[in-house]
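I opened a new page for this model today. My plan is to look at the packing inside, then at where the chains meet, then at one serine.

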Amino acid sequence: MIKSMSIKERVFGMTLKSVFRRRMRSGLTIAGIAIGIMLVTALLLVADGLETQFTRVVEEGGGDFIVVERDASDLMMSRVDLSAKRELEKMDEISWVSGMAITVTKILDRPYFMVFGVDPGEPVIQHFEIVEGQQLTSNDTGKIMVGRMISVQKGLQVGDTLNMKGSTFEILGIYETGASFEDAGGVILLSEAQSLFGLGNQVSMLRVKLEDVNKVDAVRTKIEKQYPQLLAMRSSEVVAQQEDLQLIAGISALISLIAIVVGSIGIMNTMVMSVMERIREIGILRAVGWKRRSILSMVLKESLCISIIGGIIGIILGILIVNNLAAEIEIPLTVSITPDLVISAFIIAVILGILGGIYPAWRASKMSPMEALSHE
Amino acid sequence: MFLSTKNLTKHFDGVKAIDGVTLTVEKGEFVSVMGPSGSGKTTLLTMIGLLDQPTSGEINVDDELLSEVKDEDAFRSKKVGFVFQFHNLIEYLTALENVELPMHGLKSKAEQCKKAEELLTLVGLKDRMDHIPSQLSGGERQRVAVARALINDPLLILADEPTGELDTATGAEIVNLIRKINKEKGTTVIMVTHDPEIAKKTDRIIFLKDGKVSREEVVKSESVEDFLDLKNSTFGNQLIQQKATDPYMEKLGVFRGGKLTKEGEAILSVFRKAEELEKAE
């Protein structure tokens with residue numbers, strides 16, 4: 001029995017009753033919202049996942065900041081001459097500098113295989129933690145360490161050989177870092193990477209470790225002054241500097257905006273129709289003493305109810321799709337569902353409900369009780 | 001005096017729906033408003049209930065000038081209870097929820113909840129509280145509407161043809177219910193109707209024509225009606241003409257040997273008194 005329920009619960013019950021009374025229309029609207037929010041969630045997840053991975057690649061090799069080519073749109077496009085490395089090493093404030101080449105190639109049927117060229121004498125090699133086999137040493141020409149993810153996906157084992165750009169590499173060890181870009185890629189000697197990918201005497205980035213971490217800003221300024229073609233950044237700034245990541249973020253923002261606009265129009269259409277059909281009902285409510293703002297909140301609640309249900313379904317679908325898609329096409333993307341992300345998608349759903357509901361709610365509340373009552 | 005209107009007018013696009021209505025209603029009175037369609041009955045009711053504003057003139061309810069009421073919604077929910085002709089319940093809410101609607105946003109909700117149940121019991125729908133309107137008969141729906149009108153203990157019930165959609169017997173039940181509430185709670189009632197039989201159950205009938213009060217009639221009580229029926233019967237005629245045409249009159253002892261007895265004279269004097277009163281009216 002509902003008798004002991006409070007009036008608040010009952011009015012909320014009224015919202016649900018009203019929404020589910022028109023199952024077909026509410027259902028279709030909810031489906032529309034769900035698709036929009038699903039897209040938004042999926043894009044947010046992908047953009048966020050890429051950012052996280054990218055940040056880790058840069059961050060976890062040690063060092064206080066990195067140095068890249070100023071005009072490069074992407075880390076893989078960046079070229080820094082090793083002469084700069086040697087000159088930086090001479091600076092008193094700097095403890096060590098290490099260079100790394102990051103390139104991408106095709107192996108087996110995998111279109112994107114990231115190859116990291118490192119100098120085993122430098123601390124960055126410790127970042128690639130060996131789980132099987134051996135770590136790369138300076139003498140290991142023609143050898144490669146591969147990430148655990150690709151080894152599992154492609155059934156690669158220590159001792160197997162890989163064909164890359166016409167050269168054959170023997171798998172020396174398998175490593176795991178936790179960053180899926182790396183775990184889906186491989187590590188070879190820097191010198192081999194340079195000749196294989198035609199880098200000459202260049203690397204993609206330098207990691208710089210200072211004697212005194214408090215001098216980061218001073219040293220960065222000094223380096224950028226001395227080498228105008230270079231850019232020194234903390235790892236947290238790298239993502240903001242990556243044009244392709246920015247592009248993905250931009251596209252996801254744009255699609256979110258389109259989803260909000262389209263979803264709002266959908267809800268608005270549904271709610272305007274609902275209000276028009278219920279003019280008499282609104283008249284009765286006004287006649288029994290409901291205030292304009294009660295009518296306003298009644299319509300808004302219904303619109304929010306639709307958008308929130310749609311939003312929740314959409315968020316769940318978005319997460320499922322990205323997870324399945326990532327597994328399906330084997331993209332090196334670890335999807336991490338953070339509360340922030342779910343809240344963002346949810347807020348978008350709420351905004352959508354308010355935007356779509358405010359006009360019909362306003363119209364419903366503006367009706368004079370008399371006109372509404374005499375409506376047939 | 002509980003309610004009064006003074007020179008009330010209402011124009012719709014230049015048409016005078018109400019044209020200078022002045023009337024008064026006493027506290028606890030049950031008044032019906034009759035008149036042909038378009039005579040302004042409903043318009044009058046909606047202005048008294050603050051659903052609409054008059055073009056000119058004033059309305060006073062419970063010592064309050066309606067044009068000066070600040071919170072119209074509170075006036076409608078607390079002082080007035082509406083019962084409409086039809087479509088007056090929200091179809092997807094149960095009887096109980098419909099009855100509770102006027103207390104939306106008011107205090108002591110739990111208490112009012114209990115009250116909705118009490119009122120539904122009062123109107124005889126104790127077992128049908130959780131039914132939605134489509135599961136109720138026409139008469140039951142109007143009972144729910146009456147219960148809803150009562151939820152906030154209004155001073156005034158405004159009923160717009162509450163029996164208009166009901167058959168004669170059910171209509172009579174609803175009016176009897178409103179009459180019962182009027183007597184027991186002392187609630188003042190103004191009811192629009194076009195059914196003379198229904199109007200006869202109220203205290204007074206106000207006739208409207210072309211937006212004006214054409215006449216008013218105090219409804220005689222049933223005992224008065226019965227007495228007048230008796231006076232106008234064959235029995236009454238024989239007494240008044242002092243001529244017994246029926247041998248039964250001798251047996252009753254009002255005539256003996258064709259002449260009025262003392263008892264007969266006594267009854268005749270009562271009939272004469274009634275005739276005098278009728279003429280005086």
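These entries record what I looked up, in a model that is predicted.

**Entry 1: the core**

I began with the largest nonpolar core, which holds 40 residues. Which members touch the most others? They are Met14(A), Ile37(A), Leu285(A), Trp290(A) and Leu101(B). I noted that the list includes a residue of chain B, Leu101(B).

Next I listed the elements that give two or more residues to this core. From chain A they are helix H1 (7-21), helix H2 (23-59), helix H9 (243-277), helix H10 (279-287), helix H11 (292-328) and helix H12 (339-366). H11(A) gives the largest share, nine residues.

I also found another core, lying apart from this one. It has 38 residues, including Leu88(A), Phe113(A), Ile150(A) and Met164(A).

**Entry 2: Trp290(A)**

I went back to Trp290(A) and looked up its contacts, leaving aside neighbours within four places in sequence. On the chain A side, Trp290(A) is in contact with Met14(A), Leu285(A), Ile295(A) and Met298(A). On the chain B side, Trp290(A) is in contact with Asp73(B), Leu101(B) and His104(B). Met14(A), Leu285(A) and Leu101(B) are also on my list of core members that touch the most others.

**Entry 3: chain B against chain A**

That took me to the interface. How many residues of each chain are in contact? I have 32 from chain B and 28 from chain A. The buried area between them is about 2,700 Å². Carbon and sulfur atoms give 62% of that area.

I then checked the polar side. The rule finds four salt bridges across the interface. Lys17(A) and Glu97(B) meet through their side chains in a salt bridge, at 2.7 Å from N to O. Eight residue pairs are in polar contact between the chains, counting pairs with both residues at pLDDT 80 or more.

On the side of chain B that touches chain A, helix H2 (72-79), helix H3 (95-100) and helix H4 (109-122) of chain B each give two or more residues. H2(B) gives the largest share, four residues. By class, this side has 15 nonpolar, six polar and eleven charged residues.

**Entry 4: Ser307(A)**

Last, I looked at Ser307(A), in helix H11 of chain A. Is Ser307(A) buried or exposed? Its relative accessibility is 0%, so Ser307(A) counts as buried.

What does its side chain meet? A polar atom of the Ser307(A) side chain lies 3.1 Å from the backbone oxygen of Ala349(A). Beyond neighbours within four places in sequence, Ser307(A) is in contact with Ile33(A), Ile267(A), Ala349(A), Val350(A) and Gly353(A).

Conventions:
Residues are numbered from 1 along each chain as its sequence is written. Chains are lettered from A and ligands numbered from 1 in the order in which they are written. This is a predicted model: local features need pLDDT of at least 70, side-chain atom pairs count only at pLDDT 80 or more; totals for chains, interfaces and linings use all residues. Side-chain values use heavy atoms; hydrogens and water are left out. A nonpolar core is a set of buried Ala, Val, Leu, Ile, Met, Phe, Trp, Tyr and Cys residues joined through side-chain atoms within 4.5 Å. Buried means under 20% relative accessible area, exposed over 50%, partly exposed in between (1.4 Å probe, protein chains only). Contact means heavy atoms within 4.5 Å. Buried area is the accessible area (1.4 Å probe) that two parts lose on being put together, summed over both. A polar contact is a pair of N or O atoms within 3.5 Å; within protein, one must be able to donate a hydrogen and the other to accept it, and residues adjacent in sequence count only if both atoms are side-chain atoms. Ala, Val, Leu, Ile, Met, Phe, Trp, Tyr, Cys and Pro count as nonpolar, Asp, Glu, Lys and Arg as charged, and the others, Gly among them, as polar.
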